[in-house]
Amino acid sequence: MGSESNQQTIDDKFNRVDIKARNSKDEIIIVEIQNTRELYYLERILYGVAKVIMEHISLGERYYEVKKIYSISILYFDIGKGDDYLYHGQNNFTGVHTGDRLEITTKEKDALVRKLPAEVFPEYFLIRVNEFNKVAVTPLEEWIEYLKTGCIRHDTTAPGLGEARKKLIYYNMSPEERHAYDEHLSAIMIQNDVLDGAKLEGRMEGMEKGIEKGRMDIARNLKSMGLDIAAIQKATGLLPEEIQKL
């Protein structure tokens, strides 16, 4: 979902989040697209992550309710010196003398759980779109190629790019073409609703016929066994004249 983070006070710095989503692990992903250089960009994305963490924990909740945050910055400006187009940062605690990484032991739901700080602290991805100058091979590279060129290869299998191509085609239509397309989709939806309704009515009619046939067969069997019409009527709900005709 797209959002603009709310300012708590008039002095609060403006924090723009273009997309905020939640994955299957209940982790939060925030995506921001930045076209122009900003003096304190790293400070701003840190501030943005801190605000999202606070937004997703209610007063009085325990600290284990803090959400893991992934911050993805899609940059169209030169943020600084570096040869790669993709940079990743996360928190780890490394022994000053031993060089080992600290592993935390904590108690969750009456069980001891071991976790690395990186599993809790936010992760940051900086995508420097203008620095991407290779042939796209992986799905991520195909996405970056699209972000840089606006083109999607016809044989792409990257998740989401097929849907993006359809959206591009739609938004590149003229207003008249888009209106005609919307009317076409509306007509298809109405037609499908009519067909679904007819199928449902047909199934219900078939069920009613099956029930009626079953009642008649039961009445016929009871009549052949010598039961009187009143008893058969009570058992099947058929009218006396219907039973007499059997």
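This passage walks through the fold, one helix, the salt bridges and a surface patch of a predicted protein model.

Since the model is predicted, local features are reported only at pLDDT of at least 70 and side-chain atom pairs only at pLDDT 80 or more, while totals for chains, interfaces and linings take in all residues. Numbering starts from 1 along each chain as its sequence is written, and side-chain values rest on heavy atoms, with hydrogens and water left out.

Starting with the overall picture, the protein has 6 helices and 9 strands; these are DSSP runs, numbered from the N terminus, with helices being H or I runs of at least four residues and strands E runs of at least two. Of the 246 residues, 24% are buried. Here buried stands for under 20% relative accessible area, exposed for over 50%, and partly exposed for anything in between (1.4 Å probe, protein chains only). The accessible surface adds up to about 17,900 Å², with 58% of it belonging to carbon and sulfur atoms; areas come from the Shrake-Rupley method with a 1.4 Å probe, and for residues only the protein chains shown count as cover. As for contacts (heavy atoms within 4.5 Å), 50% of those with a separation of 6 or more are between residues 24 or more positions apart.

Next comes helix H1. H1 has 15 residues and spans 21 Å from its first C-alpha to its last, close to the 21 Å expected at 1.5 Å a residue; the expected span is 1.5 Å times one less than the number of residues. Its buried residues are Tyr41, Arg44, Ile45, Gly48, Val49, Lys51, Val52 and Ile53. Arg44 sits in this helix, which covers residues 41-55, and counts as buried because its relative accessibility is 13%. The Arg44 side chain also makes a polar contact of 2.8 Å with the side chain of Gln34. A polar contact is a pair of N or O atoms within 3.5 Å; within protein, one must be able to donate a hydrogen and the other to accept it, and residues adjacent in sequence count only if both atoms are side-chain atoms.

On to the charged pairs. A salt bridge is taken as a side-chain nitrogen of Lys or Arg within 4 Å of a carboxyl oxygen of Asp or Glu, and by this rule there are 8 salt bridges. Arg22, Asp26 and Lys67 are linked in a network of them. Within that network, the closest N and O atoms of Asp26 and Arg22 are 2.8 Å apart, and Lys67 meets Asp26 at 2.4 Å, N to O. The Lys67–Asp26 pair links distant parts of the chain, 41 residues apart: Lys67 is in the loop between H1 and strand S5 (69-75), and Asp26 is in the loop between strand S3 (19-22) and strand S4 (28-34). Burial varies across the trio: Lys67 is buried at 15% relative accessible area, Asp26 is partly exposed at 32%, and Arg22 is partly exposed at 47%. Leaving aside neighbours within four places in sequence, Lys67 is in contact with Arg22, Asp26, Ile28, Ile53 and His56.

Another salt bridge joins the side chains of Lys68 and Glu123 at 2.9 Å, N to O. Lys68 lies in the loop between H1 and S5 and Glu123 in strand S9 (residues 123-128), so this pair ties together parts that are 55 residues apart in sequence. Both Lys68 and Glu123 are buried.

Elsewhere, Gln233 is found in helix H5 (residues 229-236) and is partly exposed, with a relative accessible area of 32%. Its C-alpha is separated by 8.0 Å from that of Ala219, 14 residues apart along the chain. With neighbours within four places in sequence set aside, Gln233 is in contact with Leu238, Pro240 and Ile243.

Finally, the surface: Phe93, Leu102, Ile104, Val120 and Phe121 form a nonpolar patch with about 400 Å² of accessible area together. Patches are built from residues with over 30% relative accessible area and no salt bridge, joining like charges within 9 Å and nonpolar side chains (Val, Leu, Ile, Met, Phe, Trp, Tyr) within 5 Å. One of the patch members, Leu102, lies in the loop between strand S6 (86-90) and strand S7 (104-108) and is partly exposed, with a relative accessible area of 42%.
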